Amino acid sequence: MDSGLYVVATPIGNFGDMSQRAVEVLRSADLIAAEDTRHSQRLLQHYSIDTPCMAYHDHSDERALARISRCLADGGSVALVSDAGTPLISDPGYRLVRQVQELGHLVRPVPGACAAVAALSASGLPTDRFLFEGFLPARAGSRANRLAELAGETVTLIFYEAPHRVRECLEDLVTAFGGEREAVLAREITKTFETIRRGSLLELAQFVAADSNQQKGEIVLLVAGRAKSGQQLSPAMATLLQRLAEELPAKRAAALVAEHTGLRKKQLYDYLLALKQQ
Ligand code: SAM
């Protein structure tokens, strides 16, 4: 094993998702730097790994870094793990990777589970382009501001969310992106109560509000990007738009539908104009 820092992904719920290489690296390393040593013990015991462990997180003091650097300077290898999934993805490690690189040591990834990618792969939402947002700000005002910035994104958006905030988060998503926008709730991935549910943001908000079990466990929320201009109007949306345009000025009807669907106001307005000219 080459001397260096190995960034090792661990399972996000199902121990069977541990790669053989991850086990070998953890077994052969001289030291494991773990976000929480007690948490990682279960996995290490499961695979009969008895490599010495130390705690490492982004607020660890200089002594932790000194211990890791010493091990690397002596030609040893250190494996970095977080509680679950890929380290550095909404988890500690960024500071360590930078510092180890700056000291001139090798940094190698040992890829594996990541909740964002697992959720995306089974979501049924477009996967060609996506934006990983991680956790939204906890404060309502900052969260609303960030969502307003994201409302125009045309790529699939991926959020991590704590169970006690999922209801509120879905309500905020409805407000920011409109209830019609397609989204996915991916909960407890790879675990007993795994739930992958696709629907409109409004449907998901109602589904979660009506069932307290859906407000438990670990959750990824994915939201389809805003429809690009020129995208087809669904028949239901076209009917709604026409109906609104019977009651309201075309501009207002287009603005209302745009607000609730993520479709472009100009596209909707042009659609109504084209209808008038027929
Ligand atoms: N590093 C991890 C990764 O690679 O996905 C993420 C760590 S972050 C601190 C924890 C968040 O990831 C959870 O709050 C949840 O949003 C998401 N998560 C982790 N495991 C999950 C699972 N089994 N099902 C759904 N979401 C999960």
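**Exercise 1. Strand E10 and its neighbours**

E7 and E10 run antiparallel, joined by 5 bridges. Starting from that pair in this predicted model, work out which other strand pairs with E10 and how E10 is covered.

*Solution.*
Step 1. Pick a residue pair between E7 and E10: Tyr 160 has Val 220 in E10 as its bridge partner.
Step 2. Now go to E8, which pairs with E10 in the antiparallel sense, over 5 bridges. Here Ala 186 has Val 220 of E10 as its bridge partner. So Val 220 turns up in both pairings, with Tyr 160 and with Ala 186, as strand pairing here is read from DSSP bridges.
Step 3. Check the covering. E10 is mostly covered, with 5 of its 5 residues buried. Ile 219, Leu 221 and Val 223 point one way, Val 220 and Leu 222 point the other way, and all are buried.

**Exercise 2. The mixed sheet**

Put E10 into its sheet: what is the strand order, and which strands stand at the edges?

*Solution.*
Step 1. Write down the order. This is an open sheet of 5 strands, E6-E7-E10-E8-E9, and its pairing is mixed.
Step 2. Find the edges. E6 and E9 (195–200) each have a single partner strand, so one side of each has no neighbour in the sheet.
Step 3. Look at the twist. On average, neighbouring strands here are turned by 15° against each other, direction ignored.
Step 4. Follow the E9 edge. E8 (residues 182–187) pairs with E9 in the antiparallel sense over 6 bridges, and Leu 185 has Arg 197 in E9 as its bridge partner.
Step 5. Add a helix. H7 packs on this sheet, touching E7, E8 and E10 (219–223), and its direction makes about 10° with that of E10.

**Exercise 3. The two sides of H6**

Take helix H6 (residues 140–150): which residues are buried, and what do they pack against?

*Solution.*
Step 1. List the buried residues of H6: Arg 143, Leu 147 and Leu 150.
Step 2. Look down the axis of H6. The buried residues fall within an arc of 55°, so they line one face of the helix. The general rule fits in here: an α-helix has 3.6 residues a turn, so residues three or four places apart point the same way.
Step 3. Turn to the other side of H6, where Asn 145, Ala 148 and Glu 149 are exposed.
Step 4. Find the packing partners. The buried residues of H6 pack against E6 (130–135), E7 (156–161) and H7 (166–177).

**Exercise 4. The parallel sheet**

Now do the other sheet: how is it ordered, and how does E4 sit in it?

*Solution.*
Step 1. The order is E3-E2-E4-E1-E5, an open sheet of 5 strands with parallel pairing.
Step 2. The edges are E3 (53–55) and E5 (107–110): each has a single partner strand, so one side of each is left without a neighbour in the sheet. Neighbouring strands are turned by 25° against each other on average, direction ignored.
Step 3. Take E4 with E1 (residues 4–8). They pair in the parallel sense over 4 bridges, with Tyr 6 opposite Ala 79 and Leu 5 opposite Val 78.
Step 4. Take E4 with E2 (residues 31–34). Again the strands run parallel, joined by 4 bridges, and Ala 33 stands opposite Leu 80 in E4.
Step 5. Check both faces of E4. Ser 77, Ala 79 and Val 81 lie on one side, Val 78 and Leu 80 on the other, and all are buried.
Step 6. Add the helices. H1 (residues 20–28) packs on the sheet, touching E1, E2, E4 and E5, and its direction makes about 135° with that of E5. H2 (residues 37–46) lies across E2, E3 and E4, running at about 150° to E3.

**Exercise 5. Three helices in a row of contacts**

Describe how H10 crosses H11, then how H9 crosses H10.

*Solution.*
Step 1. The axes of H10 (residues 250–261) and H11 (residues 265–277) come within 8 Å and cross at roughly 135°. That makes H10 oblique to H11, and the crossing is right-handed.
Step 2. Name the contact residues. Among them are Ala 250, Ala 254 and Val 257 of H10, and Leu 268, Tyr 269 and Leu 272 of H11.
Step 3. For H9 (residues 235–247) and H10, the axes come within 9 Å and cross at roughly 145°. This crossing is right-handed.
Step 4. Close with the H9–H10 contact: Met 237, Leu 241, Leu 244 and Ala 245 in H9 meet Ala 253, Ala 254, Leu 256, Val 257 and Thr 261 in H10.

Definitions and conventions
Residues are numbered from 1 along each chain as its sequence is written. This is a predicted model: local features need pLDDT of at least 70, side-chain atom pairs count only at pLDDT 80 or more; totals for chains, interfaces and linings use all residues. Side-chain values use heavy atoms; hydrogens and water are left out. Buried means under 20% relative accessible area, exposed over 50%, partly exposed in between (1.4 Å probe, protein chains only). Helices (H or I, at least four residues) and strands (E, at least two) are DSSP runs, numbered from the N terminus. The arc is that of the directions from the helix axis to the C-beta atoms. Contact means heavy atoms within 4.5 Å. Two strands pair if DSSP finds at least two bridges between them. Axes are lines fitted to C-alpha atoms, for helices over the stretch in contact, and angles run from 0 to 180 degrees between N-to-C directions. Angles under 35 degrees count as roughly parallel, over 145 as roughly antiparallel, 65 to 115 as roughly perpendicular and the rest as oblique. A crossing is left-handed if the near helix is turned anticlockwise from the far one by less than a right angle, and right-handed if clockwise.
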